[in-house]
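Subject: Structure handover

Hello,

Here is the structure for you to load. My notes come right after it.

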Amino acid sequence: MVYDFIYCMLHKPVRSPLILGHHLISVLIWPYGVLRHRLVFLILFFVSTEATNVGQHTRILLLKTGCDGTRFYLANGIGWAVAFFVVRMARALTPPSHTA
C-alpha cells in the first residue's frame, strides 16, 4: 500500500483524490486496526484481495512488451479474471464465518 501511494503521488496519470485517499487511509488505518485488535477480519480481507494484483500487473507488463497476442497473455487474462471474481467479488458477498 505504501508503494502504491508513492507511485500514485509520482505519476500524474493515476493521481486522483479517490486513489490517493484510498491508499492514504489504508496506510494509516490498517496498522492501527491490527495493533488495537479492531476489525482485523475486515483488514485481512482487504489485504488478501491484493493477491489479484499479480495477474493485473503481469497483464500490463505483457501488454507493454508487445506480448498481448500470446497464449500466456490469454491464460493470464483468464486466470486473473477468475481470481478477481473468486477473491474479490464472491468473497465480498459471502458472510464472515469467523467467531469472536
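Below is what was found, starting with the pocket and moving on to the surface and a few single residues.

First, a caution: this is a predicted model.

**The pocket**

The largest pocket holds about 740 Å³ of space. Its lining counts 24 residues. Nearest the centre of this pocket lie Asp4, His23, Asn53, Gln56 and His57.

Five helices each supply at least two residues of the lining: helix 1 (2-10), helix 2 (17-35), helix 3 (40-49), helix 4 (53-64) and helix 5 (71-93). Which helix gives the most to the lining? That is helix 4, with six residues.

By chemical type, the lining of the largest pocket splits into twelve nonpolar, eight polar and four charged residues.

**The nonpolar patch**

There is a nonpolar patch on the surface, with an area of about 660 Å². Seen by residue, the patch is made by Leu74, Ile78, Val82, Phe84, Phe85, Val86 and Met89. Take Met89 as one of them. Met89 sits in helix 5. Its relative accessibility is 44%, so Met89 counts as partly exposed; the partly exposed class runs between 20% and 50%.

**A positive phi**

Look at His37. It lies in the loop that links helix 2 and helix 3. Phi of His37 is near 60°, a positive value, and the residue is not a glycine. Most residues other than glycine have a negative phi. Is His37 buried or exposed? His37 counts as exposed, because its relative accessibility is 64% and the cut-off for exposed is over 50%.

**Two pairs across the sequence**

Tyr73 is in helix 5. With a relative accessible area of 17%, Tyr73 is buried, since buried means under 20%. Tyr73 pairs up in space with Arg59: the two are 14 residues apart in sequence, and their C-alpha atoms are 6.6 Å apart.

Gly21 belongs to helix 2. Its relative accessible area is 24%, so Gly21 is partly exposed. Along the chain, Gly21 and Phe5 are 16 residues apart. In space, 8.9 Å separates their C-alpha atoms.

**To recap**

The two items to load up first in your viewer are the pocket of about 740 Å³ and the nonpolar surface patch of about 660 Å². After those, turn to His37 for its positive phi.

Best wishes

Technical notes:
Residues numbered from 1 in each chain as written. Predicted model: local features only at pLDDT ≥ 70, side-chain atom pairs only at ≥ 80, totals over all residues. Heavy atoms only, no water. 1 Å grid on protein atoms, 1.4 Å probe; cavity = no way out; pocket = protein on both sides within 12 Å on 5 of 7 lines; lining within 4 Å. Points joined across faces, edges and corners; volume = space filled by probe spheres on them. Helix = DSSP H or I, 4+ residues; strand = E, 2+ residues; numbered from the N terminus. Nonpolar A, V, L, I, M, F, W, Y, C, P; charged D, E, K, R; others polar. Patch = residues over 30% accessible without salt bridge, like charges linked within 9 Å, V, L, I, M, F, W, Y side chains within 5 Å. Areas by Shrake-Rupley, 256 points an atom, 1.4 Å probe, with all protein chains shown as cover. Salt bridge = Lys/Arg side-chain N within 4 Å of Asp/Glu carboxyl O. Buried < 20%, exposed > 50% of the residue type's maximum accessible area, 1.4 Å probe, protein only.
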